[in-house]
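Q: Could you pick one part of this model and look at it closely? I would like to see how that part relates to its surroundings.

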Amino acid sequence: MKLSEVKTLLDNEVKARNHSAELSLEKPDPLFIASQYQDESIALICALFGYGNAGLIVQFLQSLDFSLLDASDEQIRKALSSHYYRFQNSEDVAALFIALKRLRALESIEDIFYSGYKKEENILDGLWHFIERLQTVYPRQTRGYNFLVGSIPKKVLSAGTYKRYMMYLRWMVRKDALDMGLWSKIDKKDLLMPLDTHTFQVSRRLGLLKRKTYDMKASIALTDTLRTFDPKDPIKYDFALYRLGQEKLV
(Lines give C-alpha, C1' and ligand atoms only; values in the text may rest on other atoms or scores of the structure.)
Protein backbone atom coordinates (compact mmCIF):
# COMPACT_ATOMS: atom_id res chain seq x y z
CA MET A 1 0.00 0.00 0.00
CA LYS A 2 1.34 3.44 -0.97
CA LEU A 3 1.70 6.06 1.76
CA SER A 4 -0.95 8.19 0.05
CA GLU A 5 -3.35 5.25 0.33
CA VAL A 6 -2.40 4.70 3.97
CA LYS A 7 -3.10 8.38 4.65
CA THR A 8 -6.56 8.04 3.10
CA LEU A 9 -7.24 4.91 5.16
CA LEU A 10 -6.16 6.60 8.39
CA ASP A 11 -7.99 9.86 7.66
CA ASN A 12 -11.18 7.87 7.16
CA GLU A 13 -10.57 5.92 10.37
CA VAL A 14 -9.94 9.13 12.34
CA LYS A 15 -13.30 10.51 11.19
CA ALA A 16 -15.12 7.26 11.91
CA ARG A 17 -13.53 6.79 15.35
CA ASN A 18 -13.90 10.40 16.53
CA HIS A 19 -17.10 9.66 18.41
CA SER A 20 -17.93 9.17 22.08
CA ALA A 21 -19.38 5.75 21.21
CA GLU A 22 -15.78 4.54 20.84
CA LEU A 23 -15.46 4.81 24.63
CA SER A 24 -17.71 2.39 26.47
CA LEU A 25 -17.67 -0.77 28.56
CA GLU A 26 -18.11 -2.69 25.31
CA LYS A 27 -15.01 -0.97 23.88
CA PRO A 28 -12.93 -0.58 27.06
CA ASP A 29 -10.20 2.05 27.22
CA PRO A 30 -8.76 3.93 30.23
CA LEU A 31 -9.87 7.17 28.56
CA PHE A 32 -13.46 5.98 29.13
CA ILE A 33 -12.91 6.44 32.89
CA ALA A 34 -10.71 9.53 32.64
CA SER A 35 -13.23 11.39 30.48
CA GLN A 36 -15.90 10.98 33.17
CA TYR A 37 -13.91 13.19 35.57
CA GLN A 38 -12.18 15.79 33.35
CA ASP A 39 -9.35 16.16 35.88
CA GLU A 40 -5.64 16.09 35.05
CA SER A 41 -4.61 14.13 38.16
CA ILE A 42 -7.32 11.50 37.79
CA ALA A 43 -6.52 11.22 34.09
CA LEU A 44 -2.86 10.56 34.91
CA ILE A 45 -3.81 7.74 37.27
CA CYS A 46 -5.96 6.25 34.49
CA ALA A 47 -3.10 6.55 32.00
CA LEU A 48 -0.38 5.12 34.23
CA PHE A 49 -2.46 2.03 35.00
CA GLY A 50 -3.25 1.74 31.29
CA TYR A 51 -1.27 -1.39 30.55
CA GLY A 52 -2.43 -4.98 30.10
CA ASN A 53 -5.92 -6.15 29.20
CA ALA A 54 -8.17 -3.15 28.45
CA GLY A 55 -11.18 -4.69 30.17
CA LEU A 56 -9.22 -5.39 33.35
CA ILE A 57 -7.75 -1.86 33.28
CA VAL A 58 -11.22 -0.32 33.24
CA GLN A 59 -12.42 -2.73 35.94
CA PHE A 60 -9.53 -1.72 38.21
CA LEU A 61 -10.02 2.01 37.58
CA GLN A 62 -13.71 1.70 38.39
CA SER A 63 -12.76 0.27 41.79
CA LEU A 64 -10.78 3.40 42.76
CA ASP A 65 -12.18 6.26 44.83
CA PHE A 66 -10.60 9.33 43.25
CA SER A 67 -11.88 11.61 46.02
CA LEU A 68 -8.96 10.16 48.01
CA LEU A 69 -6.79 12.73 46.22
CA ASP A 70 -8.15 15.14 48.84
CA ALA A 71 -7.68 12.79 51.81
CA SER A 72 -4.88 12.40 54.35
CA ASP A 73 -1.98 10.02 53.72
CA GLU A 74 -3.34 7.68 56.39
CA GLN A 75 -6.85 7.68 54.87
CA ILE A 76 -5.41 6.96 51.43
CA ARG A 77 -3.34 4.01 52.66
CA LYS A 78 -6.29 2.56 54.59
CA ALA A 79 -8.81 2.94 51.75
CA LEU A 80 -6.45 1.39 49.18
CA SER A 81 -5.11 -1.40 51.41
CA SER A 82 -6.79 -4.10 49.31
CA HIS A 83 -6.20 -2.54 45.88
CA TYR A 84 -3.50 -3.92 43.63
CA TYR A 85 -2.95 -4.18 39.88
CA ARG A 86 -0.48 -6.49 38.16
CA PHE A 87 3.01 -5.22 39.14
CA GLN A 88 1.66 -2.75 41.73
CA ASN A 89 0.79 -3.78 45.29
CA SER A 90 -1.54 -1.72 47.49
CA GLU A 91 1.34 0.39 48.83
CA ASP A 92 2.39 1.31 45.28
CA VAL A 93 -1.19 2.31 44.42
CA ALA A 94 -1.45 4.41 47.57
CA ALA A 95 1.94 6.00 46.86
CA LEU A 96 0.74 7.32 43.50
CA PHE A 97 -2.34 8.88 45.11
CA ILE A 98 -0.22 10.47 47.86
CA ALA A 99 2.36 11.79 45.40
CA LEU A 100 -0.29 13.35 43.13
CA LYS A 101 -2.16 14.79 46.12
CA ARG A 102 1.01 16.49 47.32
CA LEU A 103 1.89 17.66 43.83
CA ARG A 104 -1.44 19.29 43.11
CA ALA A 105 -1.23 21.20 46.38
CA LEU A 106 1.91 22.86 44.96
CA GLU A 107 1.28 23.34 41.23
CA SER A 108 -0.61 21.87 38.29
CA ILE A 109 0.73 18.95 36.27
CA GLU A 110 0.40 21.13 33.17
CA ASP A 111 2.68 23.81 34.65
CA ILE A 112 5.28 21.21 35.63
CA PHE A 113 5.35 19.74 32.13
CA TYR A 114 5.41 23.21 30.61
CA SER A 115 8.42 24.26 32.72
CA GLY A 116 10.50 21.53 31.10
CA TYR A 117 8.93 21.80 27.65
CA LYS A 118 8.97 25.55 27.00
CA LYS A 119 12.69 26.12 26.35
CA GLU A 120 13.04 23.79 23.36
CA GLU A 121 9.35 22.93 22.86
CA ASN A 122 10.43 19.35 23.52
CA ILE A 123 7.77 17.13 25.09
CA LEU A 124 10.38 14.73 26.46
CA ASP A 125 12.10 17.52 28.39
CA GLY A 126 8.70 18.23 29.93
CA LEU A 127 8.28 14.56 30.84
CA TRP A 128 11.70 14.23 32.49
CA HIS A 129 10.97 17.37 34.53
CA PHE A 130 7.63 15.96 35.65
CA ILE A 131 9.00 12.54 36.63
CA GLU A 132 11.71 14.24 38.69
CA ARG A 133 9.13 16.39 40.51
CA LEU A 134 6.83 13.43 41.13
CA GLN A 135 9.63 11.41 42.65
CA THR A 136 10.73 14.37 44.78
CA VAL A 137 7.37 15.02 46.48
CA TYR A 138 7.05 11.38 47.56
CA PRO A 139 10.21 9.28 47.07
CA ARG A 140 9.55 5.56 46.67
CA GLN A 141 11.72 2.86 45.15
CA THR A 142 10.03 -0.46 44.44
CA ARG A 143 9.82 -2.46 41.24
CA GLY A 144 6.08 -1.89 40.96
CA TYR A 145 6.19 1.84 41.66
CA ASN A 146 9.17 2.45 39.37
CA PHE A 147 7.35 0.66 36.56
CA LEU A 148 4.25 2.76 37.25
CA VAL A 149 5.77 6.26 37.27
CA GLY A 150 8.89 5.68 35.18
CA SER A 151 12.40 7.09 35.47
CA ILE A 152 14.65 9.42 33.50
CA PRO A 153 16.64 7.37 30.95
CA LYS A 154 20.39 7.67 30.42
CA LYS A 155 20.00 7.21 26.66
CA VAL A 156 16.73 8.62 25.33
CA LEU A 157 16.61 7.08 21.84
CA SER A 158 17.15 3.52 23.09
CA ALA A 159 14.77 3.98 26.03
CA GLY A 160 11.25 2.60 26.17
CA THR A 161 8.42 4.41 24.42
CA TYR A 162 6.85 5.87 27.60
CA LYS A 163 3.57 4.98 25.92
CA ARG A 164 1.34 5.66 28.93
CA TYR A 165 2.72 9.17 29.40
CA MET A 166 2.48 9.91 25.67
CA MET A 167 -1.14 8.71 25.74
CA TYR A 168 -1.83 10.96 28.72
CA LEU A 169 -0.34 13.95 26.91
CA ARG A 170 -2.56 13.21 23.91
CA TRP A 171 -5.62 13.25 26.18
CA MET A 172 -4.56 16.52 27.82
CA VAL A 173 -3.34 18.50 24.79
CA ARG A 174 -5.66 17.44 21.97
CA LYS A 175 -9.36 18.28 21.94
CA ASP A 176 -11.96 16.32 19.99
CA ALA A 177 -14.80 13.90 20.72
CA LEU A 178 -12.31 11.56 22.45
CA ASP A 179 -9.39 13.61 23.81
CA MET A 180 -10.19 16.04 26.61
CA GLY A 181 -7.99 19.02 25.77
CA LEU A 182 -7.70 20.21 29.38
CA TRP A 183 -4.34 21.91 28.76
CA SER A 184 -3.55 24.99 26.67
CA LYS A 185 0.20 25.60 27.08
CA ILE A 186 1.60 22.72 25.00
CA ASP A 187 1.23 22.59 21.21
CA LYS A 188 -0.23 19.38 19.79
CA LYS A 189 2.30 19.49 16.93
CA ASP A 190 5.01 18.61 19.49
CA LEU A 191 3.33 15.46 20.83
CA LEU A 192 4.91 12.05 20.24
CA MET A 193 3.21 8.83 19.25
CA PRO A 194 2.06 6.69 22.21
CA LEU A 195 3.64 3.58 20.72
CA ASP A 196 2.52 0.20 22.07
CA THR A 197 2.90 -3.26 20.54
CA HIS A 198 -0.42 -2.91 18.65
CA THR A 199 0.47 0.39 16.97
CA PHE A 200 4.09 -0.71 16.44
CA GLN A 201 3.05 -3.82 14.51
CA VAL A 202 0.23 -2.11 12.60
CA SER A 203 2.53 0.78 11.64
CA ARG A 204 5.13 -1.66 10.31
CA ARG A 205 2.51 -3.58 8.32
CA LEU A 206 1.23 -0.35 6.80
CA GLY A 207 4.74 0.80 5.88
CA LEU A 208 4.65 3.76 8.25
CA LEU A 209 7.61 2.48 10.25
CA LYS A 210 10.71 0.63 9.07
CA ARG A 211 12.48 0.40 12.42
CA LYS A 212 12.43 -3.14 13.83
CA THR A 213 13.25 -2.17 17.42
CA TYR A 214 10.42 -1.15 19.74
CA ASP A 215 11.86 1.95 21.47
CA MET A 216 11.69 5.74 21.72
CA LYS A 217 13.55 6.12 18.41
CA ALA A 218 10.71 4.16 16.76
CA SER A 219 8.13 6.42 18.41
CA ILE A 220 9.91 9.52 17.11
CA ALA A 221 10.31 8.00 13.63
CA LEU A 222 6.62 7.11 13.42
CA THR A 223 5.66 10.59 14.61
CA ASP A 224 7.87 12.12 11.91
CA THR A 225 6.11 10.02 9.27
CA LEU A 226 2.68 11.03 10.56
CA ARG A 227 3.78 14.69 10.48
CA THR A 228 3.95 14.36 6.69
CA PHE A 229 0.21 13.54 6.85
CA ASP A 230 -0.64 16.37 9.27
CA PRO A 231 2.22 18.57 10.54
CA LYS A 232 -0.03 20.43 12.99
CA ASP A 233 -1.62 17.33 14.58
CA PRO A 234 0.32 14.13 13.83
CA ILE A 235 -0.96 12.23 16.88
CA LYS A 236 -4.60 12.44 15.79
CA TYR A 237 -3.92 9.08 14.09
CA ASP A 238 -3.03 7.30 17.35
CA PHE A 239 -6.48 6.10 18.38
CA ALA A 240 -7.30 4.94 14.84
CA LEU A 241 -4.06 2.94 14.60
CA TYR A 242 -4.65 1.45 18.04
CA ARG A 243 -8.19 0.31 17.18
CA LEU A 244 -7.08 -1.09 13.80
CA GLY A 245 -4.59 -3.30 15.64
CA GLN A 246 -6.86 -4.15 18.56
CA GLU A 247 -9.72 -5.16 16.26
CA LYS A 248 -7.32 -6.95 13.89
CA LEU A 249 -8.52 -4.93 10.89
CA VAL A 250 -5.01 -4.53 9.46
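A: Here is a close look at helix α10 in this predicted model, followed by a walk through its surroundings.

Let's start with burial. Helix α10 runs over residues 163-173, and it is mostly covered, with 11 of its 11 residues buried. That includes charged side chains along with the others: among the buried residues of α10 are K163, R164 and R170, as well as Y165, Y168, W171 and V173. What do these buried residues pack against? Their partners are α2 (30-37), α3 (40-48), α7, α8 (123-137), α9 and α13.

Just at the approach to this helix there is a backbone feature to look at. Y162 sits in the loop between α9 and α10, and its phi is positive, about 50 degrees, although Y162 is not a glycine. As background, most residues other than glycine have a negative phi. With a relative accessibility of 16%, Y162 counts as buried, because the cut-off for that class is under 20%. E121 makes a good companion case: here too phi is positive, about 55 degrees, in a residue that is not a glycine. E121 belongs to the loop between α7 and α8, and its relative accessible area of 42% makes it partly exposed.

Now for the open space beside the helix. The largest pocket encloses about 650 Å³. Of the 32 residues that line this pocket, G50, Y51, K163, R164 and D196 are the closest to its centre, and K163 and R164 are also among the buried residues of α10. Which element gives the largest share of the lining of this pocket? It is α10, with six residues. The other elements that give two or more residues are α4 (54-62), α9 (143-149), α11 (197-205) and α13 (238-246). By class, the pocket lining divides into 16 nonpolar, 10 polar and six charged residues.

R170 of α10 takes us to an enclosed space. The side chain of R170 meets that of D179 in a salt bridge, with 2.9 Å from N to O, and both R170 and D179 are buried. The two residues also appear together in the lining of the largest cavity, which includes R170, R174, D176, L178 and D179. Other residues of that lining are V14, R17, N18, K236, F239 and A240. This cavity has a volume of about 80 Å³, and the structure holds one cavity of 30 Å³ or more. Helices α1 and α13 each supply at least two residues of the cavity lining. By class, the cavity lining has four nonpolar, one polar and six charged residues.

From the cavity we can follow the charges outward. R17, one of the cavity-lining residues, belongs to a network in which salt bridges that share partners join E13, R17, E22, K27, R243 and E247. Within that network, the side chains of R243 and E22 meet in a salt bridge at 3.0 Å, N to O. R243 is in helix α13 and E22 in the loop between α1 (3-17) and α2, so this pair ties together parts that lie 221 residues apart in sequence. Both ends of the pair, R243 and E22, are buried.

The structure holds 24 salt bridges, and one of them makes a useful contrast. E91 and R140 meet through their side chains at 3.6 Å, N to O. This pair also links distant parts of the chain, with E91 in helix α6 (residues 90-106) and R140 in the loop between α8 and α9, 49 residues apart. E91 counts as exposed, at 51% relative accessibility, whereas R170 and D179 are buried.

Finally, let's go back to a packing partner of α10. Helix α7 is among the elements that the buried residues of α10 pack against, and α7 (residues 109-117) contains E110. E110 is buried yet has no salt bridge: K185, its nearest side chain of opposite charge, is 5.6 Å away. A salt bridge here would need a nitrogen within 4 Å of a carboxyl oxygen, so the pair does not qualify. K185 is nevertheless among the residues in contact with E110, together with E40, L182, W183 and S184, once neighbours within four places in sequence are left aside.

How values were computed
Residues numbered from 1 in each chain as written. Predicted model: local features only at pLDDT ≥ 70, side-chain atom pairs only at ≥ 80, totals over all residues. Heavy atoms only, no water. 1 Å grid on protein atoms, 1.4 Å probe; cavity = no way out; pocket = protein on both sides within 12 Å on 5 of 7 lines; lining within 4 Å. Points joined across faces, edges and corners; volume = space filled by probe spheres on them. Helix = DSSP H or I, 4+ residues; strand = E, 2+ residues; numbered from the N terminus. Nonpolar A, V, L, I, M, F, W, Y, C, P; charged D, E, K, R; others polar. Buried < 20%, exposed > 50% of the residue type's maximum accessible area, 1.4 Å probe, protein only. Lys, Arg positive; Asp, Glu negative; His and termini not counted. Contact = heavy atoms within 4.5 Å.
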